[in-house]
Amino acid sequence: MSLALLAGSALVTPLALTAPAPAVAATAPYTVTALKVTVRAGGRKCTLDADVYRPAGAVAARPAPAVLTTNGFGGDKADGPTGALAKAFAARGYVALAYSGLGFGKTGCPISLDDPRIDGRAASGLVDLLAGARTADDGTRIDYVAKDGAGDPRVGMIGASYGGAVQLATAAVDHRVDALVPLITWNDLSYSLAPDNAGRTQGAGGPLPGAYKWQWTNGFFLIGEAQGLLHPNLDPSRAGGAGCLHFVARACETKRLLDSGRYPAARTRAVLAYARSVSPVSYLASVKAPTLLVQGQNDSLFNLNEAAAGYRTLAAQGTPVAMIWQSWGHSGGMRKPARGELDPAQGNLDTSYVGRRILAWFDRYLRHRTAAATGPAFAYYRDWVAGGSAYATSPVFPAGGSRRLYLSGDGTLVGRRGEVVRGSREYRNLRTATSHSESSLSGLLGLPDVAPYDARGTYLDWTSRPVAGGPVDVVGAPRVTLKVSSPQAERVRNSSDAADKLVLFAKLYDIAPDGRKTLVHRLVAPARVADVTRRFTVELPGLVHRYEPGHRLRLVIAASDDAYAGNRGIKPVTVSATPQDTGVLELPVTQGVLR
């Protein structure tokens, strides 16, 4: 059976047909005032360090709406994106308030992972400040922010990564927040840190910890613990617990469990429950503020599936929501966005597609310009398109449809079950990692990385026929359903320690006609198989990728990956195929034919 969708279908349209009109250039001057605001959050007094950007002309008689800008992990109120966005919005007539999140910059209290009960409550105190309902520590009162009612300022929030989740946490506990733009953030931190792509239900991680993302986690943990070196003479309230210098005790306990490589049932359930309790997956039902989710395609820390899960939840409950999949994320040089892309550190809102969408979002929900077009439900960046039409859009998500390829016993991907060849193949894991997808922090730090590789005998692959008759565009999260045999894993399947269960890694390559292979955005899908005797489905990270004519798609199932913790012990795996019983790869295709 051929897999086809017509190009230019009603579901996917080019940017030129749907892009919002460019905003008026920013020219308004503003003043900046540094303030300290002490709030109660999580049973502590926390002093927030903030800068208020007041546009000229914003007075009590002519108030302006406000925007809170939020920092990423390790940043503060003055870092590139936080400060630049505050300036960009102040220059457009918004009152902007940039602040350092709890545990960062000169703000007090330990790092609490954007917990809505702590970080959300702290930010709510700043909403009180913007409402004029409280003063800063020096007595300053703000009376020039537009209001929707007594004590209810008109306020939006914008920020990336750690500064994205805090927006959702704040909106969950304070319904006065009117609009959100979270960029490249998480939906379920338990999935982000130890992804199990075989156990996901409704966007949440499964009951087991997956493969520990140790490179990313250790990198950010060290950034958090180094705050004392980066900011001498810290507020004493920054002291952490459970052996950590600057993290709350439960965050520290989560890191300790993941580092241990042992996941006893009771302790693991408690840690996973905590990680989810500080994640949007546990509180999105309380978020009513219109939300524009922006996620990066080049991101192995918080992949596209995180935003997709949040989008589905918000849309299902009737919260106004739209989603953009931009090019850049945490991986592969996030400090250098592609030409024409939003660069928060530059504040180029008028000259980027994502920036214009953000301006339109705040125009509609903060300035109440009902005629402002907020854009389509779903937009995605296409790296194969040059010029100003790099984004395609769709009125629905997901765009396109699902098409199937079957895993044949001879290592091919075929379009019909009848083409499947009977056969069995085996791979083995070693006690060290034998596959490489990325050095997780290299892209973030701008360092070189070696090409992805898989050592012979430690993986299985299945390759499609060459693409013919036009390119194939894959937009979304592929899924592979498998049945494997692993006697060693089966012997320990009833173990009370989840670390004994089989771990494998699924990924998609693009194979050029000359044999060069590309691991798309270096993304992999770790899976911890709950019951190796049963069929299971692995959801791969979402991607936007064009397979050009002559190129082939290759699915790889590997025994390990050096960016993740892997199997405990040696667990050989056999994958068998018959026409009646074989693995299935489902691909979200918006254009083209796979045979």
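Visitor: What makes R425 a charge that lies over the face of W462?

Guide: In this predicted model, R425 lies over the face of W462 at 4.9 Å from the ring centre. The distance cut-off is within 6 Å of the ring centre, and the charge must also be within 35 degrees of the ring normal. R425 is therefore counted as a charge over a ring.

Visitor: Which ring does the charged end of R367 sit over?

Guide: The charged end of R367 sits over the ring of Y94, 4.0 Å from its centre. This value, too, satisfies the limit of within 6 Å.

Visitor: Why is the aromatic pair of F378 and Y380 called tilted?

Guide: The ring centres of F378 and Y380 are 5.3 Å apart, and rings pair if their centres lie within 6.5 Å. The angle between the planes is 35°. Stacked requires under 30 degrees and edge-to-face over 60, so this pair falls among the rest, which count as tilted. Both F378 and Y380 are buried.

Visitor: How many aromatic pairs does the structure hold, and which residues form one aromatic cluster?

Guide: There are 22 aromatic pairs in the structure. One aromatic cluster is formed by F73, F104, Y162, W186, W216, F220, F221, F247 and F302.

Visitor: Why is strand β5 described as largely enclosed by the rest of the structure?

Guide: Five of the five residues of β5 (residues 66–70) are buried, so the rest of the structure largely encloses this strand. A residue is called buried under 20% relative accessible area. A66, L68 and T70 on one side of β5 are buried, as are V67 and T69 on the other, and both faces are thus covered. In a regular strand, side chains alternate between the two faces of the sheet.

Visitor: How do you know that β5 pairs with β6 and with β9?

Guide: Pairing requires at least two bridges. β5 and β6 (residues 95–99) pair in the parallel sense over five bridges, with T69 opposite A98. β5 and β9 (residues 155–160) are likewise parallel, over five bridges, and T70 stands opposite G159. Both pairings therefore meet the requirement.

Visitor: Why are β17 and β23 said to stand at the edges?

Guide: The open sheet has three strands in the order β17-β30-β23, with antiparallel pairing. β17 (423–427) and β23 (484–485) each have a single partner strand, so one side of each is left without a neighbour in the sheet. β23 pairs with β30 (residues 573–577) over two bridges, and S485 stands opposite T574. Two bridges satisfy the minimum of at least two, so β23 and β30 count as paired.

Notes
Residues are numbered from 1 along each chain as its sequence is written. This is a predicted model: local features need pLDDT of at least 70, side-chain atom pairs count only at pLDDT 80 or more; totals for chains, interfaces and linings use all residues. Side-chain values use heavy atoms; hydrogens and water are left out. Helices (H or I, at least four residues) and strands (E, at least two) are DSSP runs, numbered from the N terminus. Rings of Phe, Tyr and Trp (its six-membered ring) pair if their centres lie within 6.5 Å; planes under 30 degrees apart count as stacked, over 60 as edge-to-face and the rest as tilted. Buried means under 20% relative accessible area, exposed over 50%, partly exposed in between (1.4 Å probe, protein chains only).
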